[in-house]
Amino acid sequence: MSISVKTSSAQETIELGYTVGRLLKPGDVVCLYGELGAGKTTFIKGVARALGIDEKEITSASFVIIAEHYGEHPLYHIDLYRIEGEDSLFDTGVDEYLQGDGICLIEWAERLNYQCSLSIKIEVGDKEERAFSIEGPEERITNLKKALRAWRKKE
Ligand SMILES: Nc1ncnc2c1ncn2[C@@H]1O[C@H](COP(=O)(O)OP(=O)(O)O)[C@@H](O)[C@H]1O
Ligand SMILES: [Mg+2]
């Protein structure tokens, strides 16, 4: 099942990340897809906020492939932009993070072959518009729809 959501500013994407983040559970793996500058890292800032992690900790560091953050649950921010080939992926030890009890968020998830709890595709539109397509199991998406209705109502 999937749901489409549009945002029209980075701040709104952080709020969307927050709304999704509140519904995540330990062991969840969220896969993010979208070109450079689409808003993957920005979205993860909102997830961090939902876990009580300072969003300033979430950065697009050039060398770090896996960054660990500790909030209500551990958040593992995995950015595979610089990964080339299966071997170097294996070397990162990413598997242990995926099997662990933290919440994993993966940028450039197409470089990994993994069945994620949620898949999020971001398309860049005009100006600051971003179109999100969030796919996952029915129960998840139903809960997310409810949470998003409550969020939109606040505006
Ligand atoms: N609606 C939006 N959602 C997310 N980011 C946006 C939006 N509008 C503009 N931006 C800008 O686009 C950039 C997204 O960067 P980032 O989150 O690092 O992308 P990615 O991780 O996908 O490469 C930021 O500079 C952000 O301010
Ligand atoms: Mg990024």
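How many nonpolar, polar and charged residues make up the shell around ligand 1? The shell has 3 nonpolar, 9 polar and 5 charged residues. The legends below refer to a predicted model.

**View 1. Magnesium ion (ligand 2) and its protein donors.** The ion has two protein residues as donors, Thr-41 through OG1 and Glu-107 through OE, at 2.1 to 2.2 Å. Thr-41 belongs to helix α2 (residues 40-50) and Glu-107 to strand β5 (residues 103-107), so the pair links parts of the chain that are 66 residues apart in sequence. Thr-41 is buried, its relative accessible area being 13%. Glu-107 is also buried, at 3% relative accessibility.

**View 2. Residues surrounding ligand 1.** The shell consists of 17 residues, and the closest are Thr-13, Gly-37, Lys-40, Thr-42 and Glu-128. Helices α1 (10-21) and α2 each contribute at least two residues to this shell. The largest share, 3 residues, is supplied by α2.

**View 3. Polar contacts of ligand 1 with Gly-37, Thr-42 and Arg-130.** Gly-37 places a backbone N or O atom 2.8 Å from an oxygen atom of the ligand. For Thr-42, an N or O atom of the side chain is 2.5 Å from a ligand oxygen atom. The side chain of Arg-130 has an N or O atom 3.2 Å from an oxygen atom of ligand 1. On its own, ligand 1 has 570 Å² of accessible area, and the protein covers 75% of this.

Conventions:
Residues numbered from 1 in each chain as written. Chains lettered and ligands numbered in written order. Predicted model: local features only at pLDDT ≥ 70, side-chain atom pairs only at ≥ 80, totals over all residues. Heavy atoms only, no water. Donors = N, O, S within 2.8 Å, 3.2 Å for Na, K, Ca; no water. Helix = DSSP H or I, 4+ residues; strand = E, 2+ residues; numbered from the N terminus. Buried < 20%, exposed > 50% of the residue type's maximum accessible area, 1.4 Å probe, protein only. Near = heavy atom within 4 Å. Polar contact = N/O pair within 3.5 Å; in protein donor to acceptor, adjacent residues only side chain to side chain. Areas by Shrake-Rupley, 256 points an atom, 1.4 Å probe, with all protein chains shown as cover. Nonpolar A, V, L, I, M, F, W, Y, C, P; charged D, E, K, R; others polar.
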